[in-house]
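Student: Please take a close look at the aromatic contacts here. I would like the geometry first, then the setting.

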Amino acid sequence: MSERTLVLVKPDGVARGLVGEVISRIERKGLKLVALELRKVTRELAEQHYAEHAERPFFGDLLEFITSGPVVAAVVEGPRAVAAFRQLAGGTDPVEKATPGTLRGDFGLETQYNLVHGSDSAESAKREIDLWFAGL
Ligand code: IDP
């Protein structure tokens, strides 16, 4: 059974030239790209994407950050794609949680600037894919 997940290379990842690294790891894992686009994120899209964090103290900074430069948005497909990409990404805090060998563990230092986003469940993936790639 195949599933889909939404992946973002966040503005820090794009600015640091890590798009190829992220895509490469997705492909080497055996996952398939079904949509891929460089995007400038509007405030409205950012608010909808991160709606579940609206009450968190870092929400304002997170919106500033995610709208600060282009992101690469992708829809990735494969067996257990949601969990598979979360494994490639590593934990949210690149130092305390992400282990070496993961994208965040290899390239990240700060929780906010943790390079990539991956949907956290099949339900979130559906909502996020509808939001970013309506009609896909
Ligand atoms: P996830 O991206 O690993 O699923 P979430 O808890 O959903 O993590 O948080 C969304 C994003 O918000 C994180 O990837 C990170 O960029 C940012 N974030 C989470 N917690 C903090 C924090 O404590 N300080 C600053 N930014 C945070």
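Tutor: What follows covers the ring contacts, then the wider chain and its pocket.

The model is predicted. A search of the whole structure turns up one aromatic pair. Its members are Phe65 and Tyr113, with ring centres 5.0 Å apart. The planes meet at 85°; over 60 degrees counts as edge-to-face, so this pair is edge-to-face.

Now the placement. Phe65 belongs to helix α4, residues 59-66. Tyr113 sits in the loop between α6 (103-107) and β4 (116-118). The pair therefore ties together parts that are 48 residues apart in sequence.

The two partners can also be described by accessibility. Phe65 has a relative accessible area of 6%; the cut-off for buried is under 20%, so Phe65 is buried. Tyr113 has a relative accessible area of 35% and is partly exposed.

Another ring has a charge for company. Arg39 places its charged end over the ring of Phe133, 5.4 Å from the ring centre.

Now the chain around these contacts. An unreviewed UniProt entry lists residues 2-136 as "domain: Nucleoside diphosphate kinase-like". Over residues 2-136, helix makes up 41% and strand 21%. The end C-alpha atoms of that stretch are 15 Å apart.

Last, the largest pocket. Its space comes to about 480 Å³. The lining has 19 residues, and the closest to the pocket centre are Lys10, Tyr50, His53, Thr92 and Asn114. By class, the lining of the largest pocket divides into nine polar, seven charged and three nonpolar residues.

Note on methods: Residues are numbered from 1 along each chain as its sequence is written. This is a predicted model: local features need pLDDT of at least 70, side-chain atom pairs count only at pLDDT 80 or more; totals for chains, interfaces and linings use all residues. Side-chain values use heavy atoms; hydrogens and water are left out. On a 1 Å grid over the protein atoms alone, a cavity is a set of points where a 1.4 Å probe fits but cannot get out, and a pocket is an open set with protein on both sides within 12 Å along at least five of seven lines; lining residues have an atom within 4 Å of a point. Grid points are joined across faces, edges and corners, and a volume is the space filled by probe spheres set on the points. Ala, Val, Leu, Ile, Met, Phe, Trp, Tyr, Cys and Pro count as nonpolar, Asp, Glu, Lys and Arg as charged, and the others, Gly among them, as polar. Rings of Phe, Tyr and Trp (its six-membered ring) pair if their centres lie within 6.5 Å; planes under 30 degrees apart count as stacked, over 60 as edge-to-face and the rest as tilted. Helices (H or I, at least four residues) and strands (E, at least two) are DSSP runs, numbered from the N terminus. Buried means under 20% relative accessible area, exposed over 50%, partly exposed in between (1.4 Å probe, protein chains only). A charge sits over a ring if NZ of Lys or CZ of Arg is within 6 Å of the ring centre and within 35 degrees of the ring normal. UniProt positions are given in the numbering used here, feature names are shortened, and annotations may be inferred rather than shown by experiment.
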